[in-house]
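Here is a friendly walk through one protein model. Have the sequence and the 3D view open as you read.

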Amino acid sequence: MHTVYLSLGANIGNRKRTMHDAIALLEEKVGTVLRSSSFLETEPWGFSSPNKFINMCVCVATPLSPRQLLKMTQLIERDLGRMEKTDGTNYIDRIIDIDILLYDHIHVDEPDLKIPHPLMEQRDFVMIPLREILED
């Protein structure tokens, strides 16, 4: 089993319901959710929107490889109604966003998969809930 940390965010629709549904799908398709942070309401990062985000982080024990994990989180996003992340160049509102932050102690640097997440330390909406559930 591998220990992974994921960031979840939603800023349209029933945000809290979507987060609970995402956690249920992670349990079903990815592995055991060991810990989950509190919800954190935040302003959009990287784009303008009147819709605030709810963000959280979860720690999951999974048998999946990093590539399998990416495919499964993208599938869960689509299952929950997720469309595109951007309108071509800019971030846009989203019903759900699931990012892989950490995967054991490995590093991955591929065009569509970077672990640890390269922007996580710049984002309080990631680091505040992540610190809440990180093990020493």
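The report below covers salt bridges, nonpolar cores and the packing of two helices.

This is a predicted model, in which local features need pLDDT of at least 70, side-chain atom pairs count only at pLDDT 80 or more, and totals for chains, interfaces and linings use all residues. Residues are numbered from 1 along each chain as its sequence is written, and side-chain values use heavy atoms, with hydrogens and water left out.

**Salt bridges**

Let us begin with the charged side chains. Nine salt bridges turn up in a search of the whole structure; the term means a side-chain nitrogen of Lys or Arg within 4 Å of a carboxyl oxygen of Asp or Glu. Three of the pairs are listed here, with their N to O distances.

| Basic residue | Acidic residue | N to O distance |
|---|---|---|
| Lys52 | Glu43 | 3.5 Å |
| Arg67 | Asp112 | 2.7 Å |
| Arg123 | Asp99 | 4.0 Å |

The pair of Asp112 and Arg67 links distant parts of the chain, 45 residues apart: Asp112 sits in the loop between strand 6 (108-110) and strand 7 (113-115), while Arg67 belongs to helix 2 (residues 66-79). Helices (H or I, at least four residues) and strands (E, at least two) are DSSP runs, numbered from the N terminus.

How accessible are these partners? Residues are called buried under 20% relative accessible area, exposed over 50%, and partly exposed in between (1.4 Å probe, protein chains only). Asp112 is partly exposed at 48%, and Arg67 is partly exposed at 28%. Lys52 is also partly exposed, with a value of 36%.

Arg123 and Asp99 form another link between distant parts of the chain, 24 residues apart, with Arg123 in the loop between strand 7 and helix 3 (124-133) and Asp99 in strand 5 (residues 97-103). Arg123 counts as buried because its relative accessibility is 5%, and Asp99 counts as buried because its value is 11%. Through salt bridges with shared partners, Arg67, Glu110 and Asp112 become one network.

**Nonpolar cores**

Now for the interior. A nonpolar core is a set of buried Ala, Val, Leu, Ile, Met, Phe, Trp, Tyr and Cys residues joined through side-chain atoms within 4.5 Å. The largest one has 27 residues, and the members that touch the most others are Leu6, Leu8, Leu26, Val58 and Leu69. At least two core residues come from each of strand 1 (2-10), helix 1 (15-29), strand 4 (53-62), helix 2, strand 5 and strand 7. Helix 1 gives the largest share, five residues.

Which residues does Leu69 contact, leaving aside its neighbours within four places in sequence? They are Val4, Leu6, Val30, Leu64, Ile100 and Tyr103, where contact means heavy atoms within 4.5 Å. Another core, of eleven residues, lies apart from the largest one and includes Tyr5, Cys59, Leu130 and Ile133.

**Helix 1 and its partners**

Thr18 lies in helix 1 and counts as buried because its relative accessibility is 8%. Not counting residues up to four places away in sequence, Thr18 touches Leu80, Ile95 and Ile96.

Two packed helices are described by the angle between their axes and the distance between the axes. For helix 1 and helix 2, the angle is about 140° and the axes are 10 Å apart. Helix 1 is therefore oblique to helix 2. Where they meet, Leu25, Leu26 and Lys29 in helix 1 face Met72, Thr73, Ile76 and Asp79 in helix 2 as contacts. Axes are lines fitted to C-alpha atoms, for helices over the stretch in contact, and angles run from 0 to 180 degrees between N-to-C directions; those under 35 degrees count as roughly parallel, over 145 as roughly antiparallel, 65 to 115 as roughly perpendicular and the rest as oblique.
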